[in-house]
Every structure is written in structure tokens, then in C-alpha cells.
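Student: Could you take me through the two chains and tell me what justifies each term we use?
Tutor: Gladly, let's look at the model together.

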Amino acid sequence: MGLLQPLKGDTGGQIMLAVLAVIAILVPILNLLVPEGSPLHVSTFTVTLLGKYLTYALLAVAVDLVWGYLGILSLGHGAFFALGGYAMGMYLMRQIGDRGVYGDPVLPDFMVFLDWQQLPWFWQGFDQFWYAALMILLVPGLLAFVFGWLAFRSRVTGVYLSIITQALTYALMLAFFRNEMGFGGNNGLTDFKELLGFDLQSDGTRIGLFIASVLALALGYWACRWIVTSKLGRVAVAVRDAESRVRFIGYRVDRVKLAIWTFSAALAGMAGALYVPQVGIINPGEFSPLNSIELVFWVAIGGRATLYGAVIGAVLVNYGKTVFTGAFPEAWLFVLGGLFVLVTVFLPTGIAGLLKTLKRRRAEPKTIQEASA
Amino acid sequence: MPVGFPFLRFLVRSIKIMSRFGVGGSGRKWVRMLGLLLLLITATSSTATPKAEPATVLAAAFNEQVSRLTDRSFKVKEAAAQAIAETGDARAIPLLKALLAGDLYYRKDDDRIVYVAPAGSRGWTLTDALSGEALGEVGRRDVRKITVNNRMRSALRTSIAALTLASPDPALRLRAAREMIGSDDPLVINAVRTQLAVEDDKPVADALALVVAIADLKQPEAESRLAAIEVLHGNLYPQARNALNALLESEQNSRVLAATKAALDAIDRKRQLNSSIETLFFGLSLGSVLVLAAIGLAITFGVMGVINMAHGELIMIGAYTTYLVQQAMPGLTDWSLLVAVPAAFLVSGAFGVAIERTVIRFLYGRPLETLLATFGISLILQQLVRTTISAQNVVVQNPSWMSGSLQLNPGLALTYNRLYILIFGLIVFALLLLVLKRTALGLQVRAVSQNRAMARAMGVRSARVDALTFGLGAGIAGIAGVALSQLTNVGPNMGQAYIIDSFMVVVFGGVGNLWGTLIAGMTLGVANKLMEPWAGAVLAKIMVLVFIILFIQKRPRGLFPQRGRAAAD
């Protein structure tokens, strides 16, 4: 079974994918077939919330791929996520057609409001789903390719690279805030009506998006596993641990980095594209450098260089955020900030590392007993 | 003269002295310089000297003449007004102005001359014109207006103009002359001509000549107009430009027309120069803010290799310290900033030492992880301020010596707050440089940053040095917060606005190089302001960011890279 080869030896990943498969079957059943009064019923709101967590998880996997296996701490992955989201948002805007407030058949509402006469060139083609889907992968990928090509070739590494990725997302945020850019400025893109002809508000579409998110996460996870278990992945780990040495041996370090970096950005764009129809809005706030730092933290708390740890981290932190911001909005930043500090100081390997340690500890006494016996 | 001016002079002088020490001074001279700074702080107390009142020698004659205004004959009143003007009494100008405006009355019972102001529906509030004493409210029928005729009105206007221009205080004369610029009242112009003949103060004479020249542009003889244009050549008062533009429309004589064009060109050239200077000033001002915000980061990041994402929040804490100091010293706003600077240094510095001791010391050698941990700290600090003080922005007052502006020429004024912050930034930079280059602590900091193991072998307590360095960087951030509290809103999120810019400055300048930080900050500030007029503020900022991203590709270690073994990691 060549397809399962990448998952060999990855117990955490196998468990994670199994859980994913279970909820992919269970959640739609509990939502659609169990009546609303029943305690087992899963509300559509919860389905959408879970779907959102899963897109975050996919984003976290993309970050873990470059941070955990390549040693690049990207503080700008939120930018790729948001670009994918904007590409999807543009498709959804074009789908509104003449049902907008101003009823213009072609122009989205905000363009009518700004008194624009025709669609800007970069909005052309977004009425076709296949084109939008292409752009969702292509735009973040291309940006990452150009950025990476410049940065890796001139050997910008470590802290410097982190800071310029942060500058990248910051610059994009400022740019997207401008009305003149043609992406809705401050308000972003919203008021979406339908996706591929399905009403975005209906339960069926929500379930469909949820399942799409599950599939995307599973597929993305598998692809990342495939990369890290391949020869390319082993070279990447070597680059992470001793870049100069790998270069001296004769590998083209910049190409290794560029390939994985670009793939990771496209993956982030895909996560963003699934995120937007579920939350119903995309605005420049998604480019905020704070978002990008936060998502790096999901990976840190889950456990670097494990991939499944990133999924655990993203889901846990966001679940915590939902609970805390609802119950104690004052306390959330204290909790998040405190976790940031505690995890980096006391738990550098994250939850995944903790699980491994516990497992090893459970195994150890046995060997001691055996030895004494 | 604005109250703040002496303060500025002190600052400038102390900078000069400082730079002398910085270049040629040896050993511990910076201690003396600190003394100078203290002197500078105390010097501000002497800035609020009361203005001297003009002598009131002829007060008796003045009072007598004023009483004659109740006479019914216009002839008597005119003579009295003339005489009042001639006394030169300080009360004469407001009195004559009120008379001209028809606000001067006398009380029917005792013929006291009064100013009136409407009170309620049908009453007047009276103020004694001679003593300034409030006389309460009366009915409208209890006072009678002192009427004037046309002849008297023109005489009054002349007297008022002449009287103001004849004031013994050149500053008052200058203000009067400036008020008259653009006037075409022949009586006023005549008074100005008279004063111009005897004026010995250069700025006043220039202003008076300008008044006359603008009026002379309407003279029938071409020669007089040419002479007037000559005076207006390159003059920066907007009225001069307007008058010349108007002349351009109406003038028939070709020689005069050519001269007018030349004069206007000269004005436009000067205005261009002014606007360049202004842009440069704004750029340097923005640059000084960037330098202030980044310089603390340059220490922790450059010297220690620690990425402190909480740096912005340490700036915020400095700004909040300013706010709390002001709350603790009500009514002493002018002084509070001088207290706030050391207070902010200590408070932010204490936070910095605490952060270093509790978190960062566990993370040395893992720069990317200090980034995450300090980011967590920044979230905690933000929420701490929101919970303990307020989630809203707080109002930090500007002391009086920070408001107003320094008028360099009629078309160019530099605001004091930006000017002081620019100078303040340079002082902080110089002090920091001195601390790092001339003190035992600075020596140890440099030793540890260059080779930790060797420094420890030489007996440097590296843990203590780390804590103090981080505290120093944090303290500087606090000081930056004091300066920023005077320019921007103070709120829990203010730190985030500066953190990315600060990193850009440090990275652009070259990590571990304070001079690089200064030059980078100033360059980015000026570049930003240069692009702003044609690109807009946001686009200018975006372009600066993109420029830095590209620049880092070209020179991955900034403008002034660190050399030697330390740079190799």
C-alpha cells in the first residue's frame, strides 16, 4: 500500500486521522438525522465552528512543515491564508451578481459605492470557480515563491527572515486596508450568498463545507507526511539542523527551502479559502501580524515537527478561545499570554512531546522491574 | 516671546556641550554632563517670569482726559481722544478701540466711563474703563453711549494705529505692524509711514515697510509700484503674495509686470525651500520617534540577541507612567514630564528586569523562542493595563512649554513638541552611547555580547549584566513612551503600533550597532515624509516596508553589519 507509506510509524498522525474520519461521519449524522431537541444533536453553529477549527488546523500544519522541518519561523503565514481567503471571497462576491444592495449585475457593492465604472483587471475571471480555485493556490504560492526566491538565495535566515516575513504581512495588511486597492478596504468582502449554486446559509452547504475541511486537512496532512518522509524531507531536516554542512555536501539548500516553503504557502491559501465561506467574511485584519504570531503558537503548544501536534494545538487553542472569550473575556489574554510563556519555557516540545515523554515513562519502570527480576 | 524658548536654548547648549564631551572628552566627564542636564531641568523654573508692565506716569492726565469724553461737543471729544492717545497710557488702546466700536458708555448718575456687555434680556454689565473694576448690572436706560461722528472715527483709527506702533515694546510694535499687513486704510498707512521713518528695530521696520509696500502697489505712478515690488521681492507673508498676484491681473505697464513676475518667482522659490525644510523637519521628527522606540530594542536585540516582542508594551508602560505621574501632580502639568522621564525609566526598567529574571534567562541561545515568550508577555501586559487602568485611551496633557511653535520665518513654523522630542531623542541616544562606551557596565555589556564565556572567565557576572542590559533597554523604551505620550494617543494597544517599525529600524541599521539604528531611524523617517506628499501616508509606509524587505535581501545584516566572530552565528 504505497498510499499509506507516509503514515507508517506516525502513531499520532494515525490516531488523528482516525478521529477525523469518525467526526466526518458522526457530525453530519448528528446534525442532519438527530432531531433538534435531542441532547445528541449537533447544531449547525457547532458544525461551522468545527469546520473553522479544521481550517486553522490545516494552516497550522502548513506552518509546522516550514518551522518544524525546515527551521523557518514564518511570522507571515497569515498573509498566505488571507490571500487564499480573498481569492475565495472574490469568487463569492462575483456569485452575488445582481442580488447586492445596489443591484449591479457585475460590480460588487463596494465598487458601486466607490463609484467605479468597471471591474478592475484582477477581478476578471473570478466568476468561474475553476479560475478562483486556481488562484487560491497560485496567488499565495507565487508570492511565497518570489519572496522565498529572493530571501533564500541571499541566505537571509533566522531572526532576520522572521522579521521580514512579518514586514510582508504588515505591508499587505496596510495595502488591503486601502480602498483604492479594490478589495473592499476596511470592510473587506462579505454578504456572500452562495457557493457553486448552493445557498451558504443552508445546513446542507455547511455540512458540505465541513466535510470539505475534513478532507482538505486529511489530504494536506498526508501530503506533508509524504514530503517529510521523502528524501526531500530528510534533506530539509538536515538543512534545519546544519544548513552550512548540507550546502557543503553539495545540496542546493535554497531550492529545498523554496520548494517546501512554496508548498506550505499554497496549503495555507487552501485553508484560507475554506475558512472564508464558513465565517462569511474576509477583511484585512486577517493579515495582522498578531494573527501570524498566534498561529505559530498553536504549533508551539501542539509540538513542533510532529504535524499532528499542530492540529492538536490549533484545535485546543481555538476551542479555549471560544470558551474563554464567551465566559471570561477579560481573562483570555492572560491565559493565552501565560500559556505562551509557560509553553516556551517549560514545554518546548509541546503537547506532542509531553505525550511522548509520558509514554516513555510508562515504559521505563517495566524495564527496571525486568532488570531487577 | 514664548515661554518655552529659554528651555530650548538650554537644550541646544547642553547638546553642544555634550557633543564636545562625546568627541574629545575622557573618563568620567559624562558625570558633569548629567549635572548639566539637572541644571537644564531646574532652568525651566526661571522661564515663567511675569511680563513687565509699562509705566503709568501720565495716569492722572489720562483720567482727566477720559472724563472729558462725556462732553456733548464732538470737537471736545475729538480733542480728548487725541490727548488720550498722546498720553501713551496702556489703557488708551482698548479704550479708543471701544470708543470706535461704540462699546464705550458713561453712567448717568456719576458720569463714570464704563465698558458695557449685554447681561440678560434688557440689562448691561458694566466695567469701569479706568480701574477695570466690575460695577455690576444696570438697566439699559441708566447708561448713555458716547457717540462719535465720521470725522472722529478716522481720527480714532489713526490714533489707534499710531499709538500701537509707538508702543515702547518692540514685540508689541511688531505684532501691531503684522496686524496691519494688507491694510489699505490711508490713515493707517500714513501712521505707518510716520513710524517707519523713526523705527530703529529691524524686524519691526521690515514689517512696516511691508505694510507700506503692499499699499503702494496701488499707487498711480509706475515708479512707486516698482519700488514697492522691490520691497516685496521674495517676501514670505501670504498677503504680499496675494497682493502681487492681484497686481499681475490688473497691471498694464510691462516693466512693472515683469518685476511682479520676478518677485513672485522669488517668493515661490523661497516657499519651495520652506516646504523642503518642513518636510525634512517632519521626517527627522518621525525619525526621532522611530529611533526612540527602536533604540531600546537595539540593545536587547543587538547586544543580547533577544527578540523582545514586549518592547512595544514597555513603551506603553512608560506612557502610562507619564499619565499616572500627571494624575499624582494635579496642577503641575508643566513639571510632570520632567518627573515622568526618570519615573518611566525606573518603572519600565523594573518590568524589564523582572521579565529577564523570570522568563528570558531560561531562553538564551533560542532567539526564536524568546520571540514567542515575550509575545505572550506583551499580551499579559496589555490586558493588565486594560484591567487595572482602563480599556479606553487616557488623556495625557501637554505642558505649556510643549505647545506653540518656533516661527523661523513668516512661512515656516516648527512646532515645539516635535522639536523638543527630536532633541530629546538625540540626548537619549547620546546618553546611551556614553553609558555603553564609557561606563563599567557598558564595558561588561560589550564584553558579554562579544564572548560570554571569556567575559565570565575574566570575572564578569554575566547573569547580572544580562538583567541590567535588559533593564536598560526596557528603561529606554519607557522614556520613549514619555515622548510618545506627547504625540499620540495613549492606550493599551499603542505598543503594537511601534513594535514592527522598531524591528525594521534595528534590522535596517544593522543589529548590534547603535549608530546604525540612529541613521536607519532618521533615514526611514525622512524617506517616509518625502514620499507622503505624492503617495499618501499609507502607501509611503508600504513602500518603505517593501524597500526594507528588498534591502535585507541585498545586505542581510543591515546597513552597518557587525563584524567579527560574534556575527558568525
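What follows is a conversation about contacts, helices, strands and domains.

Tutor: This is a predicted model, in which local features need pLDDT of at least 70 and side-chain atom pairs count only at pLDDT 80 or more, while totals for chains, interfaces and linings use all residues. Residues are numbered from 1 along each chain as its sequence is written, and chains are lettered from A and ligands numbered from 1 in the order in which they are written.

Student: What makes residues of chain A and chain B count as in contact, and how many residues of each chain are involved?
Tutor: Two residues are in contact if their C-beta atoms, placed from the backbone, lie within 7 Å. By that rule, 38 residues of chain A touch 33 residues of chain B. On the chain A side, the elements giving two or more residues are helices H5 (129-153), H6 (158-177), H11 (289-302) and H13 (332-346). H6(A) gives the most, with 14 residues.

Student: What makes a run a helix or a strand here?
Tutor: Both are DSSP runs numbered from the N terminus: helices are H or I with at least four residues, strands are E with at least two.

Student: How do the residues on the chain A side divide into nonpolar, polar and charged?
Tutor: There are 28 nonpolar, seven polar and three charged residues on that side. Ala, Val, Leu, Ile, Met, Phe, Trp, Tyr, Cys and Pro count as nonpolar, Asp, Glu, Lys and Arg as charged, and the others, Gly among them, as polar.

Student: Why are H6(A) and H15(B) called oblique?
Tutor: Their axes come within 9 Å and cross at roughly 40 degrees. Axes are lines fitted to C-alpha atoms, for helices over the stretch in contact, with angles running from 0 to 180 degrees between N-to-C directions. Angles under 35 degrees count as roughly parallel, over 145 as roughly antiparallel, 65 to 115 as roughly perpendicular and the rest as oblique. H6(A) and H15(B) are therefore oblique to each other. A:Gly158, A:Val159 and A:Ser162 make the contact with B:Pro367, B:Leu368 and B:Leu371. These residues divide into four nonpolar, two polar and no charged.

Student: How do you know that S2(B) and S3(B) pair?
Tutor: Two strands pair if DSSP finds at least two bridges between them. S2 (residues 113-119) and S3 (residues 123-128) of chain B have six bridges, in the antiparallel sense, so they meet that definition. B:Ala117 stands opposite B:Thr125, and B:Val116 has B:Leu126 as its bridge partner. S3(B) also pairs with S4(B) (residues 134-139), antiparallel over five bridges, with B:Val138 as the partner of B:Trp124.

Student: What makes S4 and S5 of chain B edge strands?
Tutor: Each pairs on one side only. The open sheet has the order S4-S3-S2-S1-S5 in chain B, with antiparallel pairing.

Student: Which strands does the hairpin with two residues join?
Tutor: That hairpin joins S6(B) to S7(B); the two strands pair in the antiparallel sense over four bridges, and B:Leu406 stands opposite B:Leu414.

Student: Where do the domain bounds of chain B come from?
Tutor: They come from an automatic or database domain assignment, which gives domain 1 (61-151), domain 2 (167-252) and domain 3 (273-398 + 412-568). Over C-alpha atoms, the centres of domain 1 and domain 2 of chain B are 33 Å apart.
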